[in-house]
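Grab a viewer and work through the exercises below. Each one sets a task, then walks through a solution.

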Amino acid sequence: MRTQRSLKNLIYGGLSQAVYSLLNFVVRFALIHTLGIEAVSLNGLFTEVIAVLSLAEMGVGSAIVYHLYAPLKDQDEERLAKLMNLFRSAYRLIALAIFVIGLVLLPFVHRLVSRMEIDLNYLRLIYFLFLLQTASSYLFSYKTALLNADQKVYVISQCTMAVRIVSTGVSIAFLTATKNYIVYLLIQIAAVLSINIAISIRADRQYPFLKRKDRLPAAEKKEVLSNVKYLFVVVLSGKITNSTDNILISTMVGTLRVGAYGSYTMIVNALNSILLQIHHATTGSIGNLVAEGDHCHTESVLRRLTFITYCPTVFSAVGIYVVSTPLIRLVFGEEYLLAMPVVFVCTMNFCIYLIKNPLWAVMSVSGLFAENKNISVTGDILNLIVSILLGKWLGIAGILLGTSCTLIVQHVLKTRLLFQRFLHLPARAYVSLISRELICCAVCMLTAQGVCAMLPIANPYWQIVVYGVCAELTAVGINMLFFYRMQEFDYAFKMGRAVLQMVLRRKKRQKG
């Protein structure tokens, strides 16, 4: 049952994100060709500014999702209703906090923009619309936590995909007709609200107990809020690690370079959002698995999930590294290109970010909230120091290396904490697997680049196709050499074969 739900979540989630990524590419193309690099750069900058403001969530989501697994397993509707009522109240306060803090920062937002001339009132209006979109989304989004915990991510995917298809069509039509960025942002606000309202309606239908007004006793509320206090630092850490690169690039290198960097992150984020469905599809299963208490089995599943996550990640990373530059040159133009060392660091961060997710998922349901906060603080301090120091010397590459250092240090420290304090098992096998994966990914990328450099292809379309094929063939060969004798490889191969057979049987039954 757990595997079937995870697979269903993965299929719907992957399809939804693939559609969304394609739509995002089309919208970015429309933005560039109707409004230019200035609008695209501001879009990337304020997306990260508002993401940092969203630290007001303070770990409420993670803390309450952690508390949902046991009552879901026991079908304790009374306790679920109490927790969700706490969740609803917390997120209303979060929406208010984000909006108020955002308004306080409004007079200073122009200080984030450098080497770019823009009307101050227009700049502040754009920022205000981004703020309004984020704050309003929290009024309804809390019910997604229950669907996530109950392994029903496919419901979220269905609602998101339907609304995004409609809103993208409307956005492109208005951009083409009006060339007005403000109208585009208003459509995005309406889309976000529509998605959350649709998910809320579906959740109410599936969980009638959400209408109950039961409240948590004071002692239990205190326990949940205690976990929230510790998770605040962890959530803040994630925001600093993942949501400051564009801000630092804008202030240290120039706002227009955010637009160029955004062309690459658009490709990275598209693949990232699709591959993250593996993580989202299995999070509920991991929560249920940890609740069973078999630590040896949990450690084995962690290694298997890590390798299963790595497999599509490495092929995506090699493709990004080799194909992104000729693709961006063809679609957007030379002014959107970055140097290959920058692309290499960006792509490695993509790989590290994804393969860490199984470990992060187990950590999130281990209950080690208090211990985890110190790791987050250490990573954040390192991130800011390295990003600022190397950013002055190496520019964008230095800023991205700060993110690399943070992800690696946090991964090492979280591994040690989980295996020593929760699993009580040696971490050698897991550390060996992660090390092999990162080394193999780097080798694949550099080897594929060297092979493609020896192929003088003038036609840009054929260049993208041939480079992509060579990159993937190179990755297949190198990964076979690195992993074919490992247990995780054998498990992933058998799982892939089983999924393929299941799909073929289903198609055969449909034809019959």
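**Exercise 1: a greasy patch**

Phe108 sits in the loop between H4 and helix H5 (120-137), where helices (H or I, at least four residues) and strands (E, at least two) are DSSP runs, numbered from the N terminus. Before going on, note that this is a predicted model: local features need pLDDT of at least 70, side-chain atom pairs count only at pLDDT 80 or more, and totals for chains, interfaces and linings use all residues. Residues are numbered from 1 along each chain as its sequence is written, and side-chain values use heavy atoms, with hydrogens and water left out.

Task: work out how accessible Phe108 is and which nonpolar surface patch it helps to make.

Solution.
- Step 1: Phe108 has 48% relative accessibility, so it counts as partly exposed. The classes are buried under 20% relative accessible area, exposed over 50%, and partly exposed in between (1.4 Å probe, protein chains only).
- Step 2: Phe108 joins Leu96, Val100, Ile101, Val104 and Leu105 in a nonpolar surface patch of about 530 Å². Patch residues have over 30% relative accessible area and no salt bridge; like charges are joined within 9 Å, nonpolar side chains (Val, Leu, Ile, Met, Phe, Trp, Tyr) within 5 Å.

**Exercise 2: a charged patch**

Task: find which residues gather with Arg92 in a patch of positive charge on the surface.

Solution.
- Step 1: Arg92 is found in helix H4 (residues 77-105).
- Step 2: Arg92 is exposed, because its relative accessible area is 51%.
- Step 3: The residues that gather with Arg92 in the positive patch are Lys213, Arg215 and Lys221. For the bookkeeping, Lys and Arg count as positive and Asp and Glu as negative, while His and the chain ends are not counted.

**Exercise 3: salt bridges**

Task: take the salt bridges of Lys82 with Glu78 and of Glu488 with Arg303, and say where the partners sit along the chain.

Solution.
- Step 1: The structure holds seven salt bridges, each a side-chain nitrogen of Lys or Arg within 4 Å of a carboxyl oxygen of Asp or Glu. Side chains of opposite charge can pair when their charged atoms come close.
- Step 2: Lys82 and Glu78 meet at 3.3 Å, N to O. They're four residues apart in helix H4, so about one helical turn separates them. Lys82 is buried at 18% relative accessible area, whereas Glu78 is partly exposed at 41%.
- Step 3: For Glu488 and Arg303, the N to O distance is 2.3 Å. This pair links distant parts of the chain, with Glu488 in helix H19 (residues 487-511) and Arg303 in helix H12 (residues 295-331), 185 residues apart.
- Step 4: Glu488 counts as buried at 6% relative accessibility, and Arg303 counts as buried at 14%. Salt bridges that share partners tie Glu299, Arg303 and Glu488 into one network.

**Exercise 4: two buried residues**

Task: list what Phe419 and Ser263 touch, skipping residues up to four places away in sequence.

Solution.
- Step 1: Phe419 lies in helix H16 (residues 396-423) and is buried, with a relative accessible area of 2%.
- Step 2: With contact taken as heavy atoms within 4.5 Å, Phe419 touches Glu299, Leu302, His424, Leu425, Pro426, Ala427 and Tyr430. Phe419 and Glu299 are 120 residues apart in sequence and 8.6 Å apart in space, C-alpha to C-alpha.
- Step 3: Ser263, in helix H11 (residues 255-292), counts as buried at 0% relative accessibility. Its contacts are Arg28, Ile328, Phe332 and Tyr336.

Key. Accessible areas come from the Shrake-Rupley method with a 1.4 Å probe; for residues, only the protein chains shown count as cover. The place of a charge is taken as NZ of Lys, CZ of Arg, CG of Asp or CD of Glu.
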